[in-house]
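Work through the exercises below with the sequence and the coordinates side by side, and try each task before reading its solution.

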Amino acid sequence: MRDTVTGSSGRTAAPEPTTTSPSASPDDSSASRAESSATAPEAVVPPAPGAEQYAALDFANSVIALPGGQILDFLDTPATTKQWLMDRGLAPVDVDIQEMCAARSRALREQIRALLASRVDDLPAPVGALAALNDALTKAPAASLLRWDPERGLYRAPSHPTTQIVDHALASLAADTADLLTGPDAERLTACGSPPCNRFLLRHGRRHWCSTRCGDRARAARAYARRTNTGTNTSTN
């Protein structure tokens, strides 16, 4: 079982959570899971604020800790990884994603999460996470070539062979991460303040949760804590 990133901002899921793939039930065979289509993340949990602006933030949030100790992982299988990349224009429809590529995507995601967590917690950037991000950046150039087609006209297309599509997708996500962490929006980066949620977001005003659902849960938890505290004080008087 893969571990999620831990830190002082409360991004740790319950021990040994159940990992749920959005594309199939636990009883499906691996072959049928590979052929099934993935559910878009926003159909299950709406994107966190900032995720539509930064693909890297959306990438980091592609593993979601849910109440009850469950984990929803949108890169859990080659099929879901392919769908996630396709939905964001990072891979063509005919790309063949193998488990090794899905595993590489999950590994980079955890390193990006570690970098985001260190920024939120105002801690030094982890050396291993920096090395992983820079390695992804140098594996593939970010530029696409300008091409001409009689039917399409001018268009941009990667210069790499299809075997390097994942390299370029991860390089693009690594570059977006670097832009986020070094740009003006880095000051707005925070972690959802509604446990067990492990998502990151760009803060708007005083809002510290990633969705209405998490906000409602946080308010309910505060109300319960106040009632409990009031009851305790009354019983001791």
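The exercises that follow concern a predicted model, and each is paired with a worked solution.

**Exercise 1. Two hairpins**

Task: Determine in which sense strand 2 and strand 3 pair, and over how many bridges; then do likewise for strand 4 and strand 5.

Solution: Begin with strand 2 (residues 63–66) and strand 3 (residues 70–73), which pair in the antiparallel sense over 4 bridges. Within this pairing, Leu66 stands opposite Gln70 of strand 3. The hairpin that these two strands make has 3 residues between the strands, and in it Gly68 takes a positive phi near 90 degrees.

Next, take strand 5 (residues 153–157), which pairs with strand 4 in the antiparallel sense over 5 bridges. Strand 4 and strand 5 also form a hairpin, with 3 residues between them. As a point of register, Tyr155 in strand 5 is the bridge partner of Arg147.

**Exercise 2. The surface around Leu146**

Task: Decide whether Leu146 is buried or exposed, and find which residues form a nonpolar patch with Leu146 on the surface.

Solution: First place Leu146 in strand 4, which covers residues 145–149. Exposed residues have over 50% relative accessible area. Leu146 has a relative accessibility of 60%, and therefore counts as exposed. Then look at the neighbouring nonpolar side chains: Leu146, Trp148 and Leu154 form a surface patch whose accessible area together is about 410 Å². A further contact to examine involves Arg152, which lies over the face of Tyr155 at 3.7 Å from the ring centre.

**Exercise 3. An aromatic pair**

Task: Establish how many aromatic pairs a search of the whole structure finds, and classify the geometry of the rings of Phe59 and Trp84.

Solution: The search of the whole structure finds 1 aromatic pair. The ring centres of Phe59 and Trp84 lie 5.4 Å apart and the ring planes stand at 55 degrees, so the pair is tilted. In assigning this class, recall that planes under 30 degrees apart count as stacked and those over 60 as edge-to-face. The last step is to locate the partners: Phe59 belongs to helix 3 (residues 55–60) and Trp84 to helix 4 (residues 78–87), and the pair, 25 residues apart, links distant parts of the chain. Both Phe59 and Trp84 are buried.

**Exercise 4. Salt bridges**

Task: Count the salt bridges, and explain why the pair of Asp58 and Arg88 ties together parts that are separated in sequence.

Solution: The count comes to 8 salt bridges. In one of them, Asp58 forms a salt bridge with Arg88, with 2.6 Å between the closest N and O atoms. Asp58 lies in helix 3, whereas Arg88 lies in the loop between helix 4 and helix 5 (99–120), so this pair ties together parts that are 30 residues apart in sequence. With regard to exposure, Asp58 counts as buried at 15% relative accessibility, while Arg88 is partly exposed, with a relative accessible area of 22%.

Turn then to Arg109 and Asp73, whose side chains meet in a salt bridge at 2.8 Å, N to O. This pair also links distant parts of the chain, since Arg109 is in helix 5 and Asp73 in strand 3, 36 residues apart. Both Arg109 and Asp73 are buried.

Finally, Asp185 forms a salt bridge with Arg188, the closest N and O atoms being 3.0 Å apart. Here Asp185 counts as buried at 12% relative accessibility, and Arg188 is partly exposed at 24%. Elsewhere, salt bridges that share partners join Asp73, Arg109 and Glu110 into one network.

**Exercise 5. Backbone exceptions**

Task: Find which peptide bond is cis between Pro195 and its neighbour Pro196, and describe the phi of Asp122 and where Asp122 is found.

Solution: As background, most residues other than glycine have a negative phi, and most peptide bonds are trans. The peptide bond from Pro195 to Pro196 is cis, with omega near 5 degrees. Pro196 lies in the loop between strand 6 (189–191) and strand 7 (200–202). Asp122, although not a glycine, has a positive phi of about 55 degrees. Asp122 is found in the loop between helix 5 and helix 6 (127–139), and is exposed, with a relative accessible area of 68%.

How values were computed
Residues numbered from 1 in each chain as written. Predicted model: local features only at pLDDT ≥ 70, side-chain atom pairs only at ≥ 80, totals over all residues. Heavy atoms only, no water. Patch = residues over 30% accessible without salt bridge, like charges linked within 9 Å, V, L, I, M, F, W, Y side chains within 5 Å. Areas by Shrake-Rupley, 256 points an atom, 1.4 Å probe, with all protein chains shown as cover. Salt bridge = Lys/Arg side-chain N within 4 Å of Asp/Glu carboxyl O. Buried < 20%, exposed > 50% of the residue type's maximum accessible area, 1.4 Å probe, protein only. Phe/Tyr/Trp six-rings, centres within 6.5 Å; stacked < 30°, edge-to-face > 60°. Lys NZ or Arg CZ within 6 Å of the ring centre and 35° of its normal. Pairing = 2+ DSSP bridges.
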